[in-house]
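Me: I'd like a close look at the strand pairing in this one. Once that's done, please walk me outward through the rest of the fold.

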Amino acid sequence: MPSPLRHASELLIQYAAYHRDRRNIATHFVGIPMIVFALSVLLAKPVWPMGGLSVPVIAVVWLLSTLWYLTRGLPALGVATSAVNGLLALAAMPLASLPTTSWAAWGVGLFVLGWIIQFIGHRYEGRKPAFLDDLVGLLVGPMFVVAEVMFAWGWNPRLQAAITAQAGPIRTGPAARHA
C-alpha cells in the first residue's frame with residue numbers, strides 16, 4: 001500500500017488519473033464539498049472532553065487533516081484546502097444544535113447525496129473512484145477540487161502541466177469513457 005505521506009504533487013497526479021472526464025470533475029465540485037459538509041455535520045454534535053472543555057470531534061478531525069495537508073509539500077494548497085474544509089465545518093456547526101433526528105437526517109442525507117453525485121461522475125468517467133485503490137484518495141479529493149480552482153486562477157502552472165503530462169488531458173463527451 002502506498003504511503004499516505006507522499007508529496008501533494010504525487011497524490012494529485014495519482015488522483016487525477018481517475019478524473020480525466022470533465023463531467024466527472026464537475027460532479028466532484030458538488031459532491032466532495034457536500035460530503036465534507038455532511039461529515040462535518042455528523043462530527044459537530046459529538047464532543048470530546050479536553051481539559052474542562054467540550055471540543056466537537058470535527059474540530060479535532062479538522063486539525064489533524066490540516067496538519068496532513070500542510071505537510072504534503074505545497075503550503076499554499078495545504079492552507080487553501082484547510083481553509084475550505086474549515087469553512088465547511090463552521091457552516092455545519094449550527095446543525096449540531098438540531099434535535100438528534102434532524103441533525104442525523106441532514107448529515108446522513110447529504111452524505112448519501114454527495115456520494116450519489118460522485119458515483120454519477122464516475123459513471124461518466126468509466127472508472128471506479130480513486131479511494132477504492134488507495135484510501136488516501138478520501139483526503140486527496142478535497143485537495144484535488146481546491147487545486148483545480150487554484151489552477152483556474154493561474155496557480156502553479158508547472159504542477160498543472162505535470163498532472164496533464166502524467167494523467168492525460170481532461171476529456172469531454174462520450175469519447176472520454178475508458179476502462
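Reply: Ground rule first: two strands pair if DSSP finds at least two bridges between them. Strands (E, at least two residues) and helices (H or I, at least four) are DSSP runs, numbered from the N terminus. You're looking at a predicted model, where local features need pLDDT of at least 70 and side-chain atom pairs count only at pLDDT 80 or more, while totals for chains, interfaces and linings use all residues. Residues are numbered from 1 along each chain as its sequence is written, and side-chain values use heavy atoms, with hydrogens and water left out.

On to the pairing itself. Strand S1 covers residues 47-50 and strand S2 covers 53-56, and the two run antiparallel, joined over four bridges. Go to the end of S1 and you find Met50, whose bridge partner in S2 is Leu53. One step back, Pro49 sits opposite Ser54 in S2. The hairpin has two residues between its strands, and Gly51 takes a positive phi near 55° there.

From here, use Pro56 as a yardstick: its C-alpha is 29 Å from that of Arg6, with the two positions 50 residues apart in sequence. Arg6 belongs to the segment before H1. With a relative accessible area of 8%, Arg6 is buried; that label means under 20%, exposed means over 50%, and partly exposed is anything in between (1.4 Å probe, protein chains only). Its contacts (heavy atoms within 4.5 Å) include Leu11, Gln14, Arg72, Asp134 and Val136, once residues up to four places away in sequence are set aside.

Now for the interior. A nonpolar core here is a set of buried Ala, Val, Leu, Ile, Met, Phe, Trp, Tyr and Cys residues joined through side-chain atoms within 4.5 Å. The largest one has 38 residues, and the members touching the most others are Leu12, Leu77, Val140, Met143 and Ile163. At least two residues of this core come from each of helices H1 (8-16), H2 (22-44), H3 (57-70), H4 (75-92), H5, H6 (137-152) and H7 (157-167). H6 gives the largest share, eight residues. Zoom in on Leu77 and, skipping neighbours within four places in sequence, you'll see it against Leu12, Met143, Val146, Ala147, Met150 and Trp155.

Just past H6, in the loop between H6 and H7, sits Asn156. Its phi is positive, about 50°, although it is not a glycine. Asn156 is partly exposed at 23% relative accessibility.

H5 is worth a stop for its surface. Val108, Val112, Leu113, Ile116, Ile120 and Tyr124 make up a nonpolar surface patch with about 500 Å² of accessible area together. Patches take residues with over 30% relative accessible area and no salt bridge, joining nonpolar side chains (Val, Leu, Ile, Met, Phe, Trp, Tyr) within 5 Å and like charges within 9 Å. The areas come from the Shrake-Rupley method with a 1.4 Å probe, and for residues only the protein chains shown count as cover. Tyr124 belongs to H5, which spans residues 100-125, and at 35% relative accessible area Tyr124 is partly exposed. Arg123, also in H5, is exposed at 58%. Its C-alpha lies 8.0 Å from that of Asn24, a residue 99 places away along the chain.

Last, the charged pairs. Side chains of opposite charge can pair when their charged atoms come close. The rule for a salt bridge is a side-chain nitrogen of Lys or Arg within 4 Å of a carboxyl oxygen of Asp or Glu, and the count comes to three. Glu125 and Arg171 meet at 3.8 Å, N to O. Glu125 is in H5 and Arg171 in the segment after H7, so this pair ties together parts 46 residues apart in sequence. Glu125 is buried at 0%, whereas Arg171 is partly exposed at 25%. Another pair is Arg23 with Asp21, with the closest N and O atoms 2.7 Å apart; Asp21 is buried at 0% and Arg23 partly exposed at 26%. Then there's Lys128 with Asp133, at 2.9 Å between the closest N and O atoms. Lys128 is partly exposed at 43%, and Asp133 is partly exposed at 39%.
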